[in-house]
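Biologist: Before I accept any label on this model, I would like to hear the criterion behind it. Please go through the terms one by one.

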Amino acid sequence: MKFKVLTASAALFFSSISFASAPISELNISYVKPPFVLQLLVLKDHKLLEKEFEKDGIKVNWHNMGTSPEAARAMGAGALDIAGNMNTAALLMINAEGLPIRVVTGLARPTSNFALVSKPGTNFSIKDLKGKKVVGPKGTFLHQLLVAALEKEGLTEKDVQFVSMGIPKALSTILAGQADAALVASSALIKANKAGAPTIVSAEGLVQPTLVMTTTEKFAKEHPDIVARVNKVYKQALDWMNKNLEKTAEMGAKEHGISVENSKTLISRSHYFSAMTAQDVKDLEVNKKFLKENNMMRKDVDTANLILPVAFE
């Protein structure tokens, strides 16, 4: 099993523009556990960014962020420079709300790792959820999955009682029987199924979840060298994973409290990658159309500007 990685060196972007900005002394980056993006775990545990920026006197601060909107709020407040993981549905919605966020590198395309499950002891279909309580993170691909699944059956989000909460809380809520269905991903999906919460529907054939690392347009313009080096070090982490599958699976199992075999299953479903492609831009257009048609985006955004040149390398 191999993870695709491009080894071409990351070039500086915005080369035709000169920006005068003071050197940074700290780099703030977020880490999020639920989507099983093990590259971030490797980056953090192996201190790869710390080693990269040590000679520059730049301190790396890791921040645990539960959802993409939470990371976006921190970026908007200037408390976060790099969002280690963000789904592209959130990327679109956040840009539509007026915060310019840009893609630094691709992370994963974990379609079968995203699902809607029903509470233990039930066997609900999508139609059975009408009038019932559904929990999960708003403004994410899981939210988009719910809307798409309902739409396919002639229903809308208004037909269910949707309560927004992060994946860990959604998992504990569904297992406690305090909700009828929950939106979960990666290890939370495995734990839910193991505890008797059956999968109602996965993202397969409904939405294409793509996970990316992002930064603000402002930070990218002021510190293109930092962004390029983060991209470079990320690829080093992905390359290490390529060459150390067993160790990677063990790290994932320990971090998420699952078996090594389950960790390997999630890895195989995650489709880790680095370089963004023309197809990713097309997928952004498809997702944008869906989000606008379902009133999840109030304003249009130019998808061509959302991905930094360095992210295509």
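Biologist: How much area does the protein chain expose, and what share do carbon and sulfur atoms supply?

Modeller: About 13400 Å² is exposed, and carbon and sulfur atoms supply 50% of that area. Accessible areas come from the Shrake-Rupley method with a 1.4 Å probe, and for residues only the protein chains shown count as cover. This is a predicted model, in which local features need pLDDT of at least 70, side-chain atom pairs count only at pLDDT 80 or more, and totals for chains, interfaces and linings use all residues. Residues are numbered from 1 along each chain as its sequence is written, and side-chain values use heavy atoms, with hydrogens and water left out.

Biologist: What makes the radius of gyration of the protein chain agree with a compact globule?

Modeller: The radius is taken over C-alpha atoms, and the globule rule is 2.2 Å times the number of residues to the power 0.38. For 313 residues the rule gives a value near 20 Å; the protein chain has 19 Å, so the two agree. The C-alpha trace spans about 55 × 45 × 30 Å along its principal axes.

Biologist: Why is Gln39 called buried?

Modeller: Buried means under 20% relative accessible area, exposed means over 50%, and partly exposed lies in between (1.4 Å probe, protein chains only). Gln39 has 0% relative accessibility, so Gln39 counts as buried. Of the 313 residues of the protein chain, 55% count as buried.

Biologist: Where is Gln39 found, and which residues is Gln39 in contact with, leaving aside its neighbours within four places in sequence?

Modeller: Gln39 lies in helix α1, residues 38–45. Helices (H or I, at least four residues) and strands (E, at least two) are DSSP runs, numbered from the N terminus. With those neighbours left aside, its contacts are Leu107, Tyr234, Ala237, Leu238, Met241, Tyr272 and Phe273; contact means heavy atoms within 4.5 Å.

Biologist: Why does Glu313 count as partly exposed?

Modeller: Its relative accessibility is 23%, and therefore Glu313 counts as partly exposed. Glu313 belongs to the segment after α12 (278–293). Its C-alpha atom is separated by 7.6 Å from that of Met276, 37 residues apart along the chain.

Biologist: In what sense do β1 and β2 pair, and over how many bridges?

Modeller: Two strands pair if DSSP finds at least two bridges between them. β1 and β2 (residues 59–64) have six, in the parallel sense. Val60 in β2 is the bridge partner of Leu27. In β1 (residues 26–31), five of the six residues are buried.
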